[in-house]
Amino acid sequence: MPVLSPSKVAATGLRWCMKNPRIIVALDFPDLKQALNFTARLDPAACRVKVGKELFTAAGPLLVEKIRNLGFEVFLDLKFHDIPTTVANACKAAARLDVWMMNIHALGGRRMLSAAREAVPAGVTKLIAVTLLTSMERSDLNDIGLEGNPEEVVRRLALLAWDCGLDGVVCSPLEAPGLREITDEGFYLVTPGIRLAQASPDEQKRVSTPRHAIENGADYLVIGRPITQAMDPGLILQRLNDEIEGAMCQIKAAP
Ligand code: C5P
């Protein structure tokens, strides 16, 4: 089925990106100054932003507050993985920063996931679980003694997160269709490992294009270097949003 043209998209009244941007830009910068300079070049109507371990360790809660003051919703990507009490308390502290989304590792197990959910009740900050890092492949699983291929392990971890009442999971776009089949639509599938067609995958192993990720059932796309290292990040963001929008309209228009 052909992708709808931008004018047709506008005519259908299905423009969504201003209300619920699907791209989460990974702010993988070493310090507050670089992160804020870059974020100021983005439009909060076109994306959300992700603050990860490197930046949060360097710049902390102050940075989160400053980004929020620029109008951005923040995904705090600290991937907590520890004993249940420690993770629950860390989640409470993160929720006090008024972040839109935060995450923990599903590999922490049922008691850790449930403790985190209890600490951050549904309906406030979205709490999601990382299944397997998209940089991992089968040989990495074997190294740490995990049986099965990545798809099987991801499926098991996603079901565990769902069962513990989490709001969604981080997974590879390639795993999204399988997870969509076993979870309902309100369970967020957040997918990193996104690359434009023909671009370098960097160290990511299980990658996909934005269009393909949306077609596979992803709700939010985490994209770092393709945007942060672009000459014109705003332009790339616009192109990516157009690609996503086309894919979403096609899905909505499908019988
Ligand atoms: O630059 P790139 O698009 O590869 O950035 C991907 C971002 O998504 C990084 O910030 C990385 O930490 C994060 N991420 C990931 N794989 C996961 C979870 C998060 O690549 N499973």
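**The ligand shell, a pocket and two backbone outliers**

An N or O atom in the side chain of Arg195 sits 2.8 Å from an oxygen atom of the ligand. The model is predicted. That contact is a good place to enter the structure.

Stay with the ligand. Arg225 also reaches it through its side chain, with a polar atom 2.7 Å from a ligand oxygen. Gly224 uses its backbone instead: a polar atom there lies 2.8 Å from an oxygen atom of the ligand. The protein covers much of the ligand's surface. Taken alone, the ligand exposes 470 Å², and 88% of that is buried by the protein.

Now widen the view to the shell. Seventeen residues surround the ligand. Asp28, Lys50, Arg195, Gly224 and Arg225 are the closest. By character, the shell holds eight nonpolar residues, three polar ones and six charged ones. Which elements supply at least two residues each? They are E3, strand E8 (220-223) and helix H10 (225-228).

Strand E3 deserves a second look. E3 spans residues 74-80 and includes Lys79. Lys79 is not a glycine, yet its phi is positive, at about 45°. Asp98 is another non-glycine residue with a positive phi, here about 55°. Where does Asp98 sit? Its place is the loop between helix H4 (84-95) and strand E4 (101-105). So much for the backbone.

Turn next to the pockets. The second largest pocket has a volume of about 380 Å³. Its lining is made of 16 residues. Nearest the centre of this pocket lie Glu185, Gly217, Ala218, Asp219 and Met248. Two helices, H9 (210-215) and H11 (233-253), are the elements that give two or more residues to the lining. Which of them gives the largest share? Helix H11 does, with three residues. The lining of the second largest pocket divides into seven nonpolar, three polar and six charged residues.

Put the two sites side by side. Around the ligand, the residues count eight nonpolar, three polar and six charged. In the lining of the second largest pocket, the nonpolar count is seven, with three polar and six charged. E3, E8 and H10 each supply at least two residues of the ligand shell, while H9 and H11 each give two or more to the pocket lining.

Methods: Residues numbered from 1 in each chain as written. Predicted model: local features only at pLDDT ≥ 70, side-chain atom pairs only at ≥ 80, totals over all residues. Heavy atoms only, no water. Helix = DSSP H or I, 4+ residues; strand = E, 2+ residues; numbered from the N terminus. Near = heavy atom within 4 Å. Polar contact = N/O pair within 3.5 Å; in protein donor to acceptor, adjacent residues only side chain to side chain. Areas by Shrake-Rupley, 256 points an atom, 1.4 Å probe, with all protein chains shown as cover. Nonpolar A, V, L, I, M, F, W, Y, C, P; charged D, E, K, R; others polar. 1 Å grid on protein atoms, 1.4 Å probe; cavity = no way out; pocket = protein on both sides within 12 Å on 5 of 7 lines; lining within 4 Å. Points joined across faces, edges and corners; volume = space filled by probe spheres on them.
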